[in-house]
Amino acid sequence: VQLQASGGGSVQAGGSLRLSCVASGRTASRYVPGWFRQAPGKEREFVAAITWTGGITSESVKGRFTISRDNAKNTVYLQMNSLLLEDTAVYYCAAGLRFGARTAHEYDYWGQGTQVTVSS
């Protein structure tokens with residue numbers, strides 16, 4: 001499974017961005033996607049994951065970020081609204097076999113990351 005993330009960029013605080021991640025490969029449709037991020041000098045952290053009923057997000061982005069997927073396109077999205085300076089990070093999409101997985105070790109495949117920079 002190969003994952004290609006896009007949609008990152010620079011935005012002012014309070015703005016919005018939508019990240020996309022396309023999965024390809026013969027078994028791509030079997031996997032469940034999620035998003036993580038890593039800020040400079042910090043560990044990679046969970047952001048959002050697809051569940052049976054929709055999606056879940058971390059407490060730090062709850063109410064601002066939404067995860068969704070288009071199964072026909074093997075694509076997962078991360079809609080990010082009301083962005084804060086502390087949302088600045090490299091965002092990674094990942095794919096695993098468990099719905100709602102919150103830890104990195106539960107994911108088998110990782111994309112290359114896309115930079116999101118929020119400025120004041």
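1. A good place to start is the aromatic cluster: Phe-36, Phe-46, Tyr-107 and Trp-110 come together as one group. Please keep in mind while reading that this is a predicted model. Across the structure there are six aromatic pairs, and two of them are worth following ring by ring.

2. Take Phe-36 and Phe-46 to begin with. Their ring centres are 5.8 Å apart and the planes meet at 75°; since planes over 60 degrees apart count as edge-to-face, that is the label this pair receives. Phe-36 belongs to strand β4 (residues 32-38) and Phe-46 to strand β5 (residues 45-50), so to speak two neighbours in the list of elements, with 10 residues separating the pair. Both of these residues are buried.

3. Phe-36 has another partner, Tyr-107. Here the ring centres are 5.3 Å apart with the planes at 80°, so this pair is edge-to-face as well. Tyr-107 sits in strand β10 (residues 107-110) while Phe-36 sits in strand β4, and the pair therefore ties together parts that lie 71 residues apart in sequence.

4. How buried or exposed are the two members of that pair? Phe-36 has a relative accessibility of 2%, which is why it counts as buried. Tyr-107 comes out at 5% and therefore counts as buried too. The cut-off behind both calls is that buried means under 20% relative accessible area.

5. Stepping back to the whole fold, you will find 11 strands and zero helices. Read from the N terminus, the order of elements is β-β-β-β-β-β-β-β-β-β-β. Contacts across the sequence fit into this picture as follows: among those with a separation of 6 or more, 59% join residues 24 or more positions apart.

6. What about overall dimensions? The C-alpha trace spans about 45 × 25 × 25 Å along its principal axes. The radius of gyration is 13 Å, which agrees with the value near 14 Å that a compact globule of 120 residues would have.

7. A few words on inside and outside. Of the 120 residues in the protein, 44% are buried. The accessible surface amounts to about 6400 Å², and carbon and sulfur atoms account for 48% of that surface.

8. Lastly, the charges. The protein carries 12 positive and 8 negative charges, and the mean positions of the two sets are 7 Å apart.

How values were computed:
Residues are numbered from 1 along each chain as its sequence is written. This is a predicted model: local features need pLDDT of at least 70, side-chain atom pairs count only at pLDDT 80 or more; totals for chains, interfaces and linings use all residues. Side-chain values use heavy atoms; hydrogens and water are left out. Helices (H or I, at least four residues) and strands (E, at least two) are DSSP runs, numbered from the N terminus. The radius of gyration is taken over C-alpha atoms; the globule rule is 2.2 Å times the number of residues to the power 0.38. Buried means under 20% relative accessible area, exposed over 50%, partly exposed in between (1.4 Å probe, protein chains only). Contact means heavy atoms within 4.5 Å. Accessible areas come from the Shrake-Rupley method with a 1.4 Å probe; for residues, only the protein chains shown count as cover. Lys and Arg count as positive and Asp and Glu as negative; His and the chain ends are not counted. The place of a charge is taken as NZ of Lys, CZ of Arg, CG of Asp or CD of Glu. Rings of Phe, Tyr and Trp (its six-membered ring) pair if their centres lie within 6.5 Å; planes under 30 degrees apart count as stacked, over 60 as edge-to-face and the rest as tilted.
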